[in-house]
Amino acid sequence: MTPQLYNDYGAWIRSKFPFRVQKISIDAGFACPNRDGHVGIGGCTFCDNRTFNPSYCQPSKSIAEQISEGKEFFARKYTGMKYLAYFQAYSNTYASVETLKRRYEEALSQDDVVGIIIGTRPDCVGSEVMDYLERLNRQTFMIVEYGIESVSDQTLLRVNRGHDFECSRRALAETHDRGILTCGHIILGLPGESAEENIRQSEVVSNLKLDILKLHQLQIIKGTQLAEEYCREPFKLYTADEYIDLCIRYLERLRSDIIVERFVSQSPADMLIAPKWGLKNYEFTNRLVNEMKRRGTWQGRLISSSVSSTY
């Protein structure tokens, strides 16, 4: 029997619900400790939250209003949808438990909202927050997403991340050990990281207590500190074909039970400096899948025997 090419998030999420579900992004007005001076100022050098916030997603609107507008947007495409409230912008556990409870439960009280996804940083989950998340997880479908970005402390320092890799490892482990579905974000191609370094990273990621992985290419966004660095002294960015090769080689060394949610991110064209591939996300994924078929390879094909597939 031929193994599946990779552990696809779309197939996995469909297995969790008897109906179609769609994420609705929410900007609930949370801050970021790497912007307000708690751990740093200026934020990560690559970051601009406007690149992934849809037009209806504005902190000036209530959570209920954002969900209502999101539902209107998606209802034009699909009927009979249910929704996952996706707290996406900035650090969505960076507040008191009372504030988190009020904002999360406002979202979960909306009609047809059947779960919650919480995006945050690994340095924003103290014991009180984790206790609350554990309780909430018993009541609803929930995923907690952490920005790992890199396993290299040198890279994390260079991009002004404000925490080290061990911080990510601890947060992922505690979240997973409490029975919460745990997702990590990794950016491939950060400055100073070669393709071979990115590929070696996959075994480190495989050894994390991680259920879901989001990969995406480094993008240079107008107005960011990284854009200033790139315009002053351009550094290596992957072509689409190079990045496909990188993703395949990464997947071959990635634990086979990790669910892969995405390979690429697509920023608004008017904000993107580079790379400009001219591919929609699904077009990129189709090309990657076809190349995997051509090579006769799959996720985990070259995994080291030292990596456990169960936690």
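How do the residues of the lining of the second largest pocket divide into nonpolar, polar and charged? In this predicted model, the lining of that pocket is made up of eight nonpolar, seven polar and two charged residues. The second largest pocket holds about 250 Å³ of space, and 17 residues line it, with Gln266, Leu272, Trp277, Gly278 and Leu279 lying nearest its centre.

Confidence in the prediction bears on how such details are to be read, since where pLDDT is low, the predicted coordinates should not be read in detail. The mean pLDDT of the chain is 91, and 93% of the residues reach a score of at least 70. Within the chain, the lowest confidence is found in helix α2 (residues 63–75), with a mean of 91, whereas helix α9 (residues 240–252) has the highest, at 98.

Enclosed space was examined next. One cavity of 30 Å³ or more is counted in the model, and the space within the largest cavity amounts to about 40 Å³. The lining of this largest cavity consists of Leu188, Gly189, Gln217, Leu218, Leu237, Tyr238 and Pro275; five of these residues are classed as nonpolar and two as polar, and no charged residue takes part.

Pro275, one of the residues lining the largest cavity, also has a notable backbone setting. The peptide bond that joins Ala274 to Pro275 is cis, its omega being near -5°, and Pro275 itself is situated in the loop that runs between β9 (272–274) and α10. A second backbone feature concerns Tyr90, which is not a glycine and nevertheless adopts a positive phi of about 65°; Tyr90 belongs to the loop between β2 (82–87) and α3. Both features can be set against the general pattern, in which most residues other than glycine have a negative phi and most peptide bonds are trans.

The packing of helices was then described, for each pair, by the angle between the axes and the distance between them. Helix α7 (residues 195–206) packs with α9 at an angle of about 30°, the two axes lying 8 Å apart. Because angles under 35 degrees count as roughly parallel, α7 is roughly parallel to α9, and the crossing of this pair is right-handed.

Helix α9 also packs with helix α10 (residues 281–295), the axes of the two coming within 10 Å and crossing at roughly 60°. The helices α9 and α10 are therefore oblique to each other, and α9 passes α10 in a crossing that is right-handed.

A further pair is formed by helix α3 (residues 97–108) and helix α4 (residues 127–137), whose axes approach within 10 Å and cross at roughly 25°. This angle makes α3 roughly parallel to α4, and the crossing of α3 and α4 is likewise right-handed. Helix α3 also bounds the loop in which Tyr90 is located, with β2 on the other side, just as α10, the partner of α9 in the oblique pair, bounds the loop that contains Pro275.

Key
Residues numbered from 1 in each chain as written. Predicted model: local features only at pLDDT ≥ 70, side-chain atom pairs only at ≥ 80, totals over all residues. Heavy atoms only, no water. pLDDT = per-residue confidence, 0-100. Helix = DSSP H or I, 4+ residues; strand = E, 2+ residues; numbered from the N terminus. 1 Å grid on protein atoms, 1.4 Å probe; cavity = no way out; pocket = protein on both sides within 12 Å on 5 of 7 lines; lining within 4 Å. Points joined across faces, edges and corners; volume = space filled by probe spheres on them. Nonpolar A, V, L, I, M, F, W, Y, C, P; charged D, E, K, R; others polar. Axes fitted to C-alpha atoms, helices over the stretch in contact; angles between N-to-C directions. Parallel < 35°, antiparallel > 145°, perpendicular 65-115°, else oblique. Left-handed = near helix turned anticlockwise from the far one by under 90°.
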